[in-house]
Amino acid sequence: MTEAARTDARPLPPVAAPAVRLTAVSKDFGPLRAVEHAELTIGQGEFFSLLGPSGSGKTTLLRLIAGFERPTAGRIELAGRDVTALPPSRRDVHTVFQDYALFPHMTVEQNVAYALTVAGVRKPERLARAREALRTVRLDGHGPRRPAQLSGGQRQRVALARALIDGPGLLLLDEPLGALDLRLRQEMQRELRHIQRATGVTFLLVTHDQEEALTLSDRLAVLDHGRIVQTGPPLEIYDRPATAFVAGFVGTTNLLSGPAAVRVVGTPGTYSIRPERIRLAAPDGPDGAPGPDERCLPGRITDIAHAGAHTRFVVRLDGGDDRLTALRLNSTELPATTRPDAPVHLLWNVNDVLAVPD
């Protein structure tokens with residue numbers, strides 16, 4: 001590049017600092033290490049989830065970011081600002097909890113406008129902003145009601161509107177849908193995604209529900225015993241788990257090791273085969289013979305569980321006690337041969353077998 005070209009070139013726009021950056025963050029409660037050396041970066045405007053079982057450290061990590069806990073070691077930055085030692089009130093963060101924490105004696109409008117009331121915002125402005133926040137969460141016209149007059153999903157949306165009214169840089173969601181039944185939870189998952197896209201606010205969700213994390217997230221981090229063991233987009237986490245724990249926790253899988261791995265896969269190691277990748281066929285049927293790149297093992301059905309859109313089959317392989325689970329979509333009627341103790345062939349493409357570290 002010539003000197004003239006370098007002089008005339010426009011400067012590149014500044015790169016926005018990540019919404020969240022954790023550097024070597026650890027948290028001890030006495031002898032218990034709840035979070036160990038967490039390294040995490042969340043971009044501006046992402047919908048990010050912390051996923052893990054109970055006791056994995058995900059809620060502690062959320063509380064560290066919110067400022068409710070101080071780290072034992074490490075650094076926490078929000079939008080490029082070091083907030084490690086700052087209290088919650090000095091962080092541009094709001095939190096939505098599972099129990100909504102709405103004031104029962106206030107109207108919906110008053111609940112949503114509460115932070116503005118405390119801040120001394122004049123009534124006409126705070127009511128206008130409260131109504132706009134309610135429109136964002138699709139609760140137009142619900143302002144005069146009391147929380148007791150709303151459904152669980154509506155109360156959760158009121159809590160979201162209250163948290164979003166003053167435009168926080170980061171919204172933390174601590175198992176917000178855990179108290180809802182399945183239908184409402186699925187409805188609220190759609191609403192959460194709509195609200196996040198409409199506002200552009202960075203959402204950080206804590207959940208133990210794998211389907212919820214996979215459905216909602218742009219990216220997610222999986223935690224195990226206080227450690228972040230994998231971070232990435234949902235499809236990458238599901239299709240390419242970094243450890244046996246991730247393979248077994250995120251979705252369902254057939255996790256094979258030791259003699260079972262040798263018998264089923266043909267080589268020693270630890271392997272994951274997703275149940276939906278296993279094909280079930282009658283031994284003497286037209287699809288019972290393996291195709292190119294397929295492996296086939298005979299067995300007998302020991303258990304059948306109907307789960308709405310799919311049916312789960314557990315099959316004991318012939319000549320031993322090893323079992324594999326296969327899923328079949330209920331798009332057509334189940335063959336009469338798929339009954340308990342019926343002989344079947346299990347078939348899968350060898351490329352669908354994933355080797356994972358122990």
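Biologist: Happy to look at this one with you. Which residue in the turn of the hairpin formed by E9 and E10 has a positive phi?

Modeller: Let's start at that hairpin, keeping in mind that this is a predicted model. E9 and E10 have two residues between them. In the turn, a positive phi of about 50° belongs to His 225.

Biologist: Nice. How many bridges join strand E9 to strand E10?

Modeller: E9 covers residues 219-224 and E10 covers residues 227-232, and the two run antiparallel. One facing pair is Leu 223 and Ile 228, the latter in E10. The number of bridges joining E9 to E10 is five.

Biologist: Let me step back to the whole chain for a moment. How many helices and strands does the secondary structure of the protein chain come to?

Modeller: Along the principal axes, the C-alpha atoms fill a box of roughly 80 × 65 × 55 Å. Of the 358 residues in the protein chain, 45% are buried. The secondary structure comes to eleven helices and 18 strands.

Biologist: And the contacts between residues at least 6 apart in sequence: what share of them join residues at least 24 apart?

Modeller: A contact here means heavy atoms within 4.5 Å. Taking contacts in the protein chain between residues at least 6 apart in sequence, the share that joins residues at least 24 apart is 63%.

Biologist: What about charge: how far apart do the centres of the positive and negative sets lie?

Modeller: The protein chain carries 43 positive side chains and 41 negative ones. As for its surface, about 17800 Å² is exposed, with carbon and sulfur atoms supplying 53% of that. The centres of the two charge sets lie apart by 7 Å.

Biologist: On to the sheets. In what order do the five strands of the open sheet come?

Modeller: The pairing in this sheet is antiparallel. Its edge strands, each pairing on one side only, are E13 (279-281) and E16 (323-329). From one strand to the next the twist averages 45°. The order is E13-E17-E14-E15-E16.

Biologist: Which residue in E16 stands opposite Arg 312?

Modeller: Strand E15 spans residues 310-317 and pairs with E16 in the antiparallel sense, over seven bridges. Opposite Arg 312, in E16, stands Leu 327.

Biologist: There is a three-strand sheet too. What is the bridge partner of Leu 255 in E12?

Modeller: That open sheet has the order E11-E12-E18 and antiparallel pairing. Its edges are E11 (254-256) and E18 (354-355). E11 pairs with E12 (residues 271-273) over three bridges. In E12, the partner of Leu 255 is Ser 272.

Biologist: Let's zoom in on Leu 324: is it buried or exposed?

Modeller: Leu 324 is found in strand E16. Residues it touches include Leu 256, Val 264, Ile 278, Phe 313 and Trp 348. Its relative accessible area is 1%, and the cut-off for burial is under 20%, so Leu 324 is buried.

Biologist: How far is Val 137 from Leu 324, taken between C-alpha atoms?

Modeller: Val 137 sits in the loop between helix H5 (123-136) and helix H6 (152-164). It is buried as well, with a relative accessible area of 0%, and it touches Arg 157, Leu 160, Ala 161, Glu 191 and Ile 195, leaving aside residues up to four places away in sequence. Along the chain, Val 137 and Leu 324 are 187 residues apart, and their C-alpha separation is 44 Å.

Biologist: Why is helix H2 described as largely enclosed by the rest of the structure?

Modeller: H2 covers residues 58-66, and its buried residues include Leu 61, Leu 62, Leu 64 and Ile 65. Just after H2, Gly 67 takes a positive phi of about 95°. The helix counts as largely enclosed because the buried residues number seven of the nine.

Biologist: One last point on backbone angles. Phi of Asp 293 is near what value?

Modeller: Asp 293 lies in the loop between E13 and strand E14 (294-307). Glu 175, in the loop between strand E7 (170-174) and helix H7 (182-199), has a positive phi near 45°. Asp 293 also has a positive phi in a residue other than glycine, and that phi is near 65°.

Conventions
Residues numbered from 1 in each chain as written. Predicted model: local features only at pLDDT ≥ 70, side-chain atom pairs only at ≥ 80, totals over all residues. Heavy atoms only, no water. Pairing = 2+ DSSP bridges. Helix = DSSP H or I, 4+ residues; strand = E, 2+ residues; numbered from the N terminus. Axes fitted to C-alpha atoms, helices over the stretch in contact; angles between N-to-C directions. Buried < 20%, exposed > 50% of the residue type's maximum accessible area, 1.4 Å probe, protein only. Areas by Shrake-Rupley, 256 points an atom, 1.4 Å probe, with all protein chains shown as cover. Lys, Arg positive; Asp, Glu negative; His and termini not counted. Charge placed at Lys NZ, Arg CZ, Asp CG, Glu CD.
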